[in-house]
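Me: I have a model open on my screen and I'd like to learn how to read it. Can you take me through it feature by feature?

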Amino acid sequence: MNDEAELKEQIILALKGVYDPEIPVDVYELGLIYDIKIFPVNNVYILMTLTSPSCPSAGEIPSEIEEKVRAVPGVNDVSVELTFDPPYSTELMSEVAKLELGFM
């Protein structure tokens with residue numbers, strides 16, 4: 001079993017516990033997570049966006065993500081980078097999220 005793949009799975013599970021306060025769908029299914037990288041010694045880098053640059057939870061969501069991912073056993077350090085390039089669009093949502101929010 002690839003430890004990195006297993007760790008990434010745990011990280012994704014942790015991300016699924018973080019919700020946009022305005023939308024009843026987690027940040028992972030919403031497509032807000034653009035990239036997850038695991039560097040040597042289990043340092044985790046997460047590139048993410050928000051549904052809009054003026055999102056009222058702009059400060060809370062990244063710190064909640066950092067907190068939840070840091071709590072994953074084996075994770076050494078976490079850095080969360082926020083980007084609006086490319087801008088978020090509903091196309092990034094998983095089918096689960098689209099169904100949940102009535103986009104399908």
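Reply: Sure, we'll go from the overall fold to the core and then to a few single residues. First, the ground rules: this is a predicted model, where local features need pLDDT of at least 70, side-chain atom pairs count only at pLDDT 80 or more, and totals for chains, interfaces and linings use all residues. Residues are numbered from 1 along each chain as its sequence is written, and side-chain values use heavy atoms, with hydrogens and water left out.

Me: How many helices and strands are there in the chain?

Reply: Helices (H or I, at least four residues) and strands (E, at least two) are DSSP runs, numbered from the N terminus. Here you get 4 helices and 3 strands, and their order from the N terminus is α-α-β-β-α-β-α. The radius of gyration is 14 Å, close to the 13 Å from the globule rule for 104 residues, so the chain is as compact as a globular protein of that length. That radius is taken over C-alpha atoms, and the rule is 2.2 Å times the number of residues to the power 0.38. Along its principal axes, the C-alpha trace spans about 40 × 25 × 20 Å.

Me: What percentage of the residues in the chain is buried?

Reply: Buried means under 20% relative accessible area, exposed means over 50%, and partly exposed is in between (1.4 Å probe, protein chains only). In this chain, buried residues make up 38% of the 104. For contacts, meaning heavy atoms within 4.5 Å, take those with a separation of 6 or more: residues 24 or more positions apart account for 60% of them.

Me: Which residues of the largest nonpolar core touch the most other members?

Reply: A nonpolar core is a set of buried Ala, Val, Leu, Ile, Met, Phe, Trp, Tyr and Cys residues joined through side-chain atoms within 4.5 Å. The largest one here has 28 residues, and Ile 11, Ile 46, Ile 65 and Val 69 touch the most other members. At least two core residues come from each of α1 (3-15), α2 (27-30), β1 (33-39), β2 (43-48) and α3 (60-70). The biggest share is from α1, with 5 residues.

Me: Which residues is Val 69 in contact with, leaving aside its neighbours within four places in sequence?

Reply: With those neighbours left out, Val 69 contacts Ile 11, Ala 14, Leu 15, Val 44, Ile 46, Val 75 and Val 78. Let's follow two of these partners. Val 75 sits in the loop between α3 and β3 and is buried, with a relative accessible area of 12%. Beyond four places in sequence, Val 75 contacts Leu 7, Ile 11, Asn 42, Val 44, Val 69 and Arg 70. Val 78 is in strand β3 and counts as buried at 4% relative accessibility. Leaving aside neighbours within four places, Val 78 contacts Val 44, Glu 66, Val 69 and Arg 70.

Me: Is Arg 70 buried or partly exposed?

Reply: Arg 70, in helix α3, counts as partly exposed at 36% relative accessibility. Outside the four-place window, Arg 70 contacts Val 75, Asn 76, Asp 77 and Val 78. Sequence spacing and distance in space are worth reading side by side. Arg 70 and Asn 43 are 27 residues apart in sequence and 9.6 Å apart in space, C-alpha to C-alpha. For Val 78 and Glu 91, the spacing is 13 residues in sequence and 27 Å in space, again C-alpha to C-alpha.

Me: Now the backbone. Which residues have a positive phi although they are not glycines?

Reply: Most residues other than glycine have a negative phi, and most peptide bonds are trans. In this model, look at Val 41, with a positive phi of about 60 degrees, and Asn 42, with a positive phi of about 55 degrees. Val 41 is in the loop between β1 and β2, and Asn 42 is found in the loop between β1 and β2 as well. Val 41 is exposed, with a relative accessible area of 65%, while Asn 42 is partly exposed at 29%.

Me: And where is the cis peptide bond?

Reply: Look at Asp 85 and Pro 86: a cis peptide bond joins them, with omega about 0 degrees. Pro 86 lies in the loop between β3 (77-82) and α4 (95-100).
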